[in-house]
Amino acid sequence: MTTGRPASLGQSVPAAGPRLLDAHLVVDRDSFRLDLPLTIAPGEVVALLGPNGAGKTTALRTLAGLLPLSAGHLTLAGRDLDHPVRRTWTPPERRPIGVVFQDYLLFPHLSALDNVAFGPRRHGLDRRQARDLAADWLTRMGLAEHARRKPRELSGGQAQRVALARALAVEPALLLLDEPLAALDARTRLDTRAQLQRHLAAHAGAALLVTHDPLDALVLADRLVVIEHGRVVQEGDAATITARPRTDYVARLVGLNLYRGYADGHRVRLGDGFELTTGDHHEGEVFVAFPPSAVALHPRRPDGSPRNTWPATITGIQQHGDNLRIQLVGPIEVAADVTPAAATQLRLAPGQPVWAAVKAAETRAYPAAPG
Ligand SMILES: Nc1ncnc2c1ncn2[C@@H]1O[C@H](COP(=O)(O)OP(=O)(O)OP(=O)(O)O)[C@@H](O)[C@H]1O
C-alpha cells in the first residue's frame, strides 16, 4: 500500500525529560584528560568551543562511538551507550546518532539520493520507502533537482546539505556537527548557515555543534559550552558569555579585551598595579571587559576628559572586517579597532608609540566569582 507520503522511520525522539543526552565524558590519553559533563535537552543545540587541543574532537569521538570512555557515562534517550563501570558499550552503527563532518564524507559512488537513503535502508526501510524518504529530505533541503547527481557534481554547499539530509534522515536522537561550515567559502557559508539554522530549529533531537567560529556558535546554538585543557571553563547562553567572558580565550572569541583585578568602587587595580576606572561600582575581585572599538588611539596624551589613558606601543595590525585591529603593549595589552582612514591619518605602524584611551562608561566590570 502506498499513501503517497514518504515513509517515516517511526523512531521519533522518545521523551527523555529535560535531558535527552546525559553524559559525563571522561577520557585519559597520555597526559591529556577530558572531563566533560554534558547534557542536552530535546530540541536544544549546544555549541562546543575551545582552542586547539582543548578536547573537542575527543568529545565528539566518544559520542559517535569511535573512542571508548575511560570513566563516566554516556546515556542517550534513556539508553546507556557507554558506561565503563557497567561494561556497556554500543558500537557506532547502533547508536541513534547522525554525524555531519566538515568535509561531508559522502559516498562518492552513490547519487545524492542514495547517499541520503543509505541510513534509512540500514534502519530497515525497504528500497522504495528509503528512497521516498530521501527524496523528501532532499526537497526540504532545496536539492530535489540534484537528487541524481554524484557528490563530485555538487558544489560544496550542496554537498554539505546532502550530508545534513543524510544525518537527519534517520531521525537521530543526537545530531553531531563537526565544523560543518568550515570548508565553505564565505558566501556559501552565509547561505548554508541560514539553512542549517532552519533545519536545526526543526530537529526534535539534541544537537551538538563543534566549531571554531564564534559566529556559527552564536547564530546556531542555544547554549555554549567552552572547554580548555579538557575541562569546562564557561557555559551559558550567548548573551551571558558575550557580556561576561571569564577567560582570555572566551574574551578573544567574543572580541573583547579582558582583565582581572581588584575593585574599590569605580577603580579597579590590575595585577601589575595599573588602574582602570569603570562605569560599574564593585568591591573585590572583578573582571573588566571592553570591546576594541571602545579604545581610541591618539598621537599625544589626550587631555581633559575623565578617561583611562596610557602610553602604548603598536605590535601588530590586521584587517578586521571593514576596520583595522591594532594590537598594543604597554601597562596592559589591548586590541583597538580603528578605521583605515584614522590609521592612515595617525600613520599607525608596528613599533610606533601612541596613547590609548577608553571611557569609563564603555567598560564593564563584573564579579570574578561565578554566579
Ligand atoms: N591518538 C591520540 N593519542 C594521544 N593523545 C591524543 C590523541 N589524539 C589527540 N590527543 C591529545 O588529546 C588532546 C585533545 O585533542 P583534540 O583533538 O580532542 O582537541 P580539539 O579541541 O579537537 O583540537 P582542534 O581544535 O585542534 O581539533 C590534545 O592534547 C591531543 O594532543
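The protein in this predicted model has an average pLDDT of 89, and 94% of its residues score at least 70. Confidence is lower in two stretches at the start of the sequence. Over residues 1–6 pLDDT stays under 50, and the model has four contacts beyond four places in sequence for this stretch. Residues 10–16 also stay under 50, here with 14 contacts beyond four places in sequence. For the complex, the predictor gives an ipTM of 0.94 and a pTM of 0.83.

It helps to begin with the overall layout. Along the principal axes, the C-alpha atoms of the protein fill a box of roughly 85 × 50 × 35 Å. The secondary structure comes to nine helices and 19 strands. The protein is divided into two parts, with domain 1 covering residues 21–243 and domain 2 covering residues 255–367. The centres of these domains, taken over C-alpha atoms, are separated by 39 Å. Of the 371 residues in the protein, 38% are buried. Among contacts between residues at least 6 apart in sequence, 64% join residues that are at least 24 apart.

The interior can be followed through its nonpolar residues. The largest nonpolar core has 97 residues, and those with the most contacts inside it are L48, V116, L138, L174, L208 and L209. Helix α4, residues 156–168, gives this core its largest share, seven residues. Domain 1 and domain 2 each supply at least three residues to the core. L209 offers a closer view of the packing: leaving aside neighbours within four places in sequence, L209 is in contact with V45, A47, L48, L177, D216, A217, L220 and A221.

One sheet deserves a walk from strand to strand. This sheet is open and has five strands in the order β2-β1-β4-β5-β6, with antiparallel pairing. Strands β2 (32–40) and β6 (88–89) stand at the edges; each has a single partner strand, so one side of each is left without a neighbour in the sheet. The partner strand β5, residues 79–83, pairs with β6 in the antiparallel sense over two bridges. In this pairing, H83 stands opposite T88 in β6. Helix α1 packs on the sheet, where α1 touches β1 (21–29), β2, β4 (71–76) and β5. The direction of α1 makes about 120° with that of β1.

Several residues of α1 lie in the interior. The buried residues of this helix are K56, T58, A59, L60, T62 and L63. As general background, an α-helix has 3.6 residues a turn, so residues three or four places apart point the same way. After α1 comes G65, whose phi is positive, near 90°.

On the other side of α1 in the sequence, a glycine invites a question: why does G50 count as buried? G50 is found in the loop between β3 (45–49) and α1 (56–64). A residue is buried if 20 or more other C-beta atoms lie within 10 Å of its own. G50 has 25 C-beta neighbours inside 10 Å, and therefore counts as buried. Not counting residues up to four places away in sequence, G50 touches G55, K56, V226, I227 and E228. The chain also brings together positions far apart in sequence, as G50 and G230 show: 180 residues apart in sequence, these two are 9.1 Å apart in space, C-alpha to C-alpha.

Definitions and conventions:
Residues are numbered from 1 along each chain as its sequence is written. This is a predicted model: local features need pLDDT of at least 70, side-chain atom pairs count only at pLDDT 80 or more; totals for chains, interfaces and linings use all residues. pLDDT is the predictor's confidence in each residue, from 0 to 100. Two residues are in contact if their C-beta atoms, placed from the backbone, lie within 7 Å. Helices (H or I, at least four residues) and strands (E, at least two) are DSSP runs, numbered from the N terminus. A residue is buried if 20 or more other C-beta atoms lie within 10 Å of its own, exposed if 12 or fewer, and partly exposed in between; C-beta atoms are placed from the backbone. Two strands pair if DSSP finds at least two bridges between them. Axes are lines fitted to C-alpha atoms, for helices over the stretch in contact, and angles run from 0 to 180 degrees between N-to-C directions. Domain bounds come from an automatic or database domain assignment. A nonpolar core is a set of buried Ala, Val, Leu, Ile, Met, Phe, Trp, Tyr and Cys residues joined through C-beta atoms within 7 Å.
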